[in-house]
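Me: Could you take a close look at the aromatic rings in this model and walk me through how they pair up?

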Amino acid sequence: QVQLVESGGGLVQAGGSLRLSCAASIGIFSINTMGWYRQAPGKRREMVATSTTSFTSIDTTNYADSVKGRFTISRDNARNTLYLQMNSLKPEDTAVYYCYGIRLQTTYWGQGTQVTVSS
């Protein structure tokens, strides 16, 4: 069982920055794929960013087109934490952000953290 706990959400003005954290209960080096989804009111959950790691290949990242160049996903294996640095935030980035991880073909989710961007 893997537990994921997000933090770092809040209220920020447009153009501002936030950094979300996702702390895992196990070493994240063993979680092949981790990432962030978000869900705005009345909308479907959408992928924001993913990070895939492997012992035999270079780590890869992917981003939704809407956040490319503004958001950066990263891992800190020493802290067992996944981050999402969000810059140049826009009101349309307002959503609940969820961390997830896929390990041994099982997907684990965090409880979500609210991000609100005011115009």
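Reply: **The aromatic cluster**

Tyr-37, Tyr-100 and Trp-109 are joined into a cluster by ring pairs. Happily, the ground rules are brief: this is a predicted model, where local features need pLDDT of at least 70 and side-chain atom pairs count only at pLDDT 80 or more, while totals for chains, interfaces and linings use all residues. Residues are numbered from 1 along each chain as its sequence is written, and side-chain values use heavy atoms, with hydrogens and water left out.

The structure holds three aromatic pairs (rings of Phe, Tyr and Trp, the last by its six-membered ring, with centres within 6.5 Å; planes under 30 degrees apart are stacked, over 60 edge-to-face, the rest tilted). In one of them, Tyr-37 and Tyr-100 have ring centres 5.4 Å apart and planes at 75°, so this pair is edge-to-face. Tyr-37 belongs to strand E4 (residues 33–39) and Tyr-100 to strand E9 (residues 95–103), so the contact ties together parts 63 residues apart in sequence. Strands here are DSSP runs of E, at least two residues, numbered from the N terminus.

Tyr-100 is buried at 6% relative accessibility, whereas Tyr-37, at 24%, is partly exposed (buried is under 20% relative accessible area, exposed over 50%, partly exposed in between, with a 1.4 Å probe and protein chains only). From Tyr-100 we move on to Trp-109: their ring centres are 5.4 Å apart and the planes meet at 35°, so the pair is tilted. Trp-109 is partly exposed, at 37%.

Trp-109 also has a charge for company: the charged end of Arg-45 sits over its ring, 4.7 Å from the centre (NZ of Lys or CZ of Arg within 6 Å of the ring centre and within 35 degrees of the ring normal). The charged end of Arg-45 also sits over the ring of Tyr-98, 3.9 Å from its centre.

Notes. Helices (H or I, at least four residues) and strands (E, at least two) are DSSP runs, numbered from the N terminus.
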